Amino acid sequence: MEKKKFYMTTAIAYTSGKPHIGNTYEIILADAIARFKRAQGYDVFFQTGTDEHGQKIELKAQEAGITPKEYVDNVAGEIKRIWDLVNTSYDKFIRTTDEDHEKQVQKIFKKLYDQGDIYKGSYEGLYCTPCESFWTESQLVDGKCPDCGREVKPAKEEAYFFRMSKYAQRLIDHINSHPEFIQPVSRKNEMMNNFLLPGLQDLCVSRTSFKWGIPVTFDPKHVTYVWLDALTNYITGIGYDCDGESTEQFKKNWPADLHLIGKDIIRFHTIYWPIFLMALDLPLPKQVFGHPWLLQGDGKMSKSKGNVLYADELVDFFGVDAVRYFVLHEMPFENDGVITWELMVERLNSDLANTLGNLVNRTISMSNKYFGGVVADKGVTEPVDEELKAVALQTPKNVTEKMEKLRVADAISEIFTLFKRCNKYIDETMPWALAKDETKQDRLATVLYNLVESISIGATLLESFMPETAEKVLAQLHAQRRSLDEMENYGLYVSGTKVTEKPEILFARLDLNEVMAKVAELHPQVQEAPAEETQEEPVIDIEPKEEITFEDFEKMQFQVGEIIACEAVKKSRKLLCSQVKIGSQVKQIVSGIRAHYSPEEMVGKKVMVLVNLKPAKLAGVLSEGMLLCAEDENGELALMVPEKKMPAGAEIC
């Protein structure tokens, strides 16, 4: 049976300079989608590349004292290096300086001119050089470019124009009849209300004030305007020919199934590009998805602000898959995401080192310790097994559902929900206790088999998002990759298989202070602002309680605990339920701190625990202790944590 095709593209990266992590996010996101589609059995063609013409590049090349072609060759090479560094599986890397692309752009321009869609005129308006866009006075925001916020300058020149209004109503009708065409829906509303419905102006499609562009064959003093040049890469890259001699690859793959782009260029992809295609009598892409931005701290990354993070630098600190995990997991579906060094360390320690890495390490170590590494299903089941199996079988369905809607962050969360359930299963079954009872050896073997089987399912699903990590996990378990269809069955891990003898540490925990010290060396500007010397630290006075004796104090047992799992209490808006490891025991503790900490933030924290508090039920959930917190005058809470590294169970005295 022939595979169903899936053609997807990213926006082509502009070769004005090295891409930062916000730019790199898009190629990682696209790669995750492409890999998952392949796992679903699609014949995927995944195209990316570089946009290499325009006035900005001509000026940058002049400043560098080299030709524009030399300049874009250097930058395109750097972009491709970074795309490869973050392990993306694109099938084609197109450059708009490719000879076959330039030839087709010239033919397309001539065809549109001959059929009356392009005409010659002159343009007078306000021009933004960085965006290479003309604007009217009414379109400016506070007198500046509405896209990038920079200064615009008056410009007048002879130009060719495309008759946008000729196709505007046809595009409106298409958008209304194809609700899936522009996603998320908020982007669709923006395009309709701000651009299409008020009426489209004709679009400038050539320039004479600079030379670095594709010349118009019948009027060589003009070069093709950047968007007619850049957007057509999606068809020229797969073999479109304006004279009707398109390749079989083009006939197979067009229309594109997905254009994945940043929200800042959605106007060009959902208005200009569809209209160009209509004029060429080609079908429109099935979907254009305008993803949000990845912000540094609370602002958009900008070299002028000095807040730019680069993928290769982050990879040096955290590794490829940790960077992939962070940018994919932290980006909401519609809203902008935030990246900081502190958040990266937090996620690596809590999600990757603790939830995933510690789970795999513990499982393999116990298999070796108790059974010489042999994992066998002895069939000694208990009700708790069914809960784990249910989550493991449901996870592939949930991940597929999320990916169909391009909710990639949610898909990854589903996989880590499975890993967290595995960790909880360890706490519930307590293999170390089973190991002490000779009569429970078959039960112990079954528990470890269930863990290895469930981890194998999770690792296989993880392959689209963290391919190297997934491969390492499966290799250590000596588990076979399985298809999504195969994951409908539980128990495919071959009983009697032997895991690796020495588990590899997947992610080593990092010390935030050490990381920030290294960052400060590399980027002296990345540091906390010094506190004002004259400003005293605020203090709080509270109502004193009745004095107690030392004997009263001795009755209370305080120990360091490590939170190994945490979830919100369903019947409460305030409560979190944490599984806290204290020595060899695990206690369940319910705390009213949901407004201050997410469950994900809690996992991996070392906390101070009142251990011998009488158990009580809160919102129907048993609590077996108390986490110690500090509270300020505004009701903000902070968990009390040890100043230095302390093992779980250390006594607080």
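Two residues are in contact when heavy atoms of one lie within 4.5 Å of heavy atoms of the other. The exercises below apply to a predicted model.

**Exercise 1. Determine where Thr224 lies, whether Thr224 is buried or exposed, and which residues Thr224 touches.**

Solution. Begin with the secondary structure: Thr224 belongs to strand 11, which covers residues 223-224. Next, take the relative accessible area, which is 3% for Thr224; since buried means under 20%, Thr224 counts as buried. Finally, list the contacts while leaving out residues up to four places away in sequence: Thr224 touches Val105, Phe109, Val205, Ser206, Ile214, Val216 and Asp229. One of these partners, Val216, is included in a separate core of 54 residues.

**Exercise 2. Work out which residues of helix 6 are buried, how they are arranged around the axis, and what they pack against.**

Solution. Helix 6 runs over residues 185-196, and its 12 residues reach 15 Å from the first C-alpha to the last, close to the 16 Å expected at 1.5 Å a residue. Its buried residues are Arg187, Lys188, Met191, Met192, Phe195 and Leu196. Because these residues cover an arc of only 130° around the axis, they are on the same side of helix 6. An α-helix has 3.6 residues a turn, so residues three or four places apart point the same way. The last step is to identify the partners, and the buried residues of helix 6 pack against helix 5 (165-177), strand 8 (182-183), helix 10 (266-279) and strand 13 (288-291).

**Exercise 3. Identify which members of the largest nonpolar core touch the most other members, and trace the contacts of Leu328.**

Solution. The largest nonpolar core has 105 residues, of which Ile21, Ile33, Phe318, Leu328, Trp341 and Phe465 touch the most other members. Taking Leu328 and setting aside neighbours within four places in sequence, one finds contacts with Ile28, Leu29, Ala32, Val408, Ala409, Ile412 and Phe465. A second, separate core of 54 residues includes Val216, Ile266, Phe268 and Ile275. In soluble globular proteins, nonpolar side chains tend to be buried together.

**Exercise 4. Assess what the pLDDT values are for the protein chain and where pLDDT stays under 50.**

Solution. Start with the chain as a whole, where pLDDT averages 90 and 94% of the residues score at least 70. Then turn to residues 527-536, over which pLDDT stays under 50 and for which the model has 0 contacts beyond four places in sequence. Where pLDDT is low, the predicted coordinates should not be read in detail.

Key:
Residues numbered from 1 in each chain as written. Predicted model: local features only at pLDDT ≥ 70, side-chain atom pairs only at ≥ 80, totals over all residues. Heavy atoms only, no water. Core = buried A, V, L, I, M, F, W, Y, C linked by side-chain atoms within 4.5 Å. Buried < 20%, exposed > 50% of the residue type's maximum accessible area, 1.4 Å probe, protein only. Helix = DSSP H or I, 4+ residues; strand = E, 2+ residues; numbered from the N terminus. Expected span 1.5 Å × (residues − 1). Arc of directions from axis to C-beta. pLDDT = per-residue confidence, 0-100.
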